[in-house]
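Trainee: Could we look at a structure together and talk through the words people use for it? I would like to learn where each word comes from.

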Amino acid sequence: MKPPTLSVLISCYNYGRYVQEAVRSALEQTRPVEEVVVVDDGSTDDSWARLEALREADPRVVIERTENRGQLAAMVRGVELTSADIVFFMDADDLLKPHHTETLAAALERHPYVDYVYSDYEQFGDRQGIHRSFPAGRDHDHGRTALLAKYGLRTYGGVTSTIAVRRRTLLPLLDMPDHWITEWPAAGDLALNHFVSLVGGRKMYLHQDTVRYRVHGENDHLQVAKLPDNAWMERRFRANRWIQRVAGETCPGDALLPLIDRETQSTPRLSKIEHRNLVKLIMRSPLPASARWGSILAITKQRLKASLGS
């Protein structure tokens, strides 16, 4: 069988001082990519000039300039421009380690039922250290998480540069109404993670750090965390409202019990966190009490089986 083709999709806004290094890290992978698509989201610095120089140096670099509409809009436009089977997302201030595409693509090839994979990352710049996104200590199949995203307003996933998704799973993004894009108040990776869950994508975590995540004043989450409480509450309210609106149109919720069964059966090894989240989800559902307790008993048996098998 022919191996899948690979694209790296980069959104850039005023990161001219970083973007060339980012693109080169994508071009110099141990498993080469067919294209690096960069969407310049209306930058006002020298990003575009630097991108043009990259395009002249390597025909695999595809660039497009758009008006400034935010990272989610740039991601959606980038998906339109990509043509490969697997899309690797990337921020313009990060770096991919040389084995990044090889590692994530191999995981998708080994597990053809998985649609989305993400890895850990190494922080550099203003802060150093390895960030673990999931405390499993090993690779973990999250299964399908549409209900968790819809009713629990939670989902699994990584920061932008750690994510790879089958392009077929991303195609529903292209039908996203414009107001969904303009109303998203937070980072594009959070919207992407929720959307993939809502359309039924199956996710997997890889216990490997394959990305170098640059921490600096403009993206330092510790600094963002110092926002006043009212600003945090407003941001969270807007994000949750967005998820509920999108979920209402993309994730069916009538046949709740079959959907719960589908999600639990797609997760071979329920973690403690996943078990807890599913129990909360079932308890909040409009199912009859007998059906709720039956579902809780089933996933608790599955959790115990996974624990005994670890």
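Here we go through some helix terms, one question at a time.

Mentor: Happy to! Keep in mind that this is a predicted model. The chain has 13 helices and ten strands, and buried residues make up 53% of its 310 residues.

Trainee: What makes a residue count as buried?

Mentor: A residue is buried when its relative accessible area is under 20%, and exposed when that area is over 50%. In helix H2, residues 47-57, the buried ones are Ser47, Trp48, Leu51 and Leu54.

Trainee: How do you know that the buried residues line one face of H2?

Mentor: Look down the axis of H2: the buried residues fall within an arc of 115 degrees, so they line one face of the helix. On the other side of H2, Glu56 and Ala57 are exposed.

Trainee: Why would residues that are not next to each other in a helix point the same way?

Mentor: An α-helix has 3.6 residues a turn, so residues three or four places apart point the same way.

Trainee: What do the buried residues of H2 pack against?

Mentor: They pack against helix H1 (16-27) and three strands: E1 (6-12), E2 (35-41) and E3 (61-66).

Trainee: Why is H1 called roughly parallel to H2?

Mentor: The axes of H1 and H2 cross at roughly 25 degrees and come within 8 Å. Angles under 35 degrees count as roughly parallel, and that makes H1 roughly parallel to H2. The crossing itself is right-handed.

Trainee: Which residues of H1 and H2 meet there?

Mentor: From H1 come Gly16, Arg17, Val19, Gln20, Val23 and Arg24, and from H2 come Ser47, Arg50, Leu51, Ala53 and Leu54. Sorted by type, this contact has five nonpolar, three polar and three charged residues.

Trainee: And why are H3 and H8 called oblique to each other?

Mentor: Helix H3 (residues 71-81) and helix H8 (residues 188-198) pack at about 55 degrees, with their axes 8 Å apart. Roughly parallel needs an angle under 35 degrees, and roughly perpendicular runs from 65 to 115. An angle of about 55 degrees fits neither range, and H3 and H8 are therefore oblique to each other.

Trainee: What makes up the contact between H3 and H8?

Mentor: Gln71, Leu72 and Met75 of H3 touch Gly188, Asp189 and Ala191 of H8. Three of these residues are nonpolar, two are polar and one is charged. The crossing of H3 and H8 is right-handed.

Key: Residues numbered from 1 in each chain as written. Predicted model: local features only at pLDDT ≥ 70, side-chain atom pairs only at ≥ 80, totals over all residues. Heavy atoms only, no water. Axes fitted to C-alpha atoms, helices over the stretch in contact; angles between N-to-C directions. Helix = DSSP H or I, 4+ residues; strand = E, 2+ residues; numbered from the N terminus. Parallel < 35°, antiparallel > 145°, perpendicular 65-115°, else oblique. Left-handed = near helix turned anticlockwise from the far one by under 90°. Contact = heavy atoms within 4.5 Å. Nonpolar A, V, L, I, M, F, W, Y, C, P; charged D, E, K, R; others polar. Buried < 20%, exposed > 50% of the residue type's maximum accessible area, 1.4 Å probe, protein only. Arc of directions from axis to C-beta.
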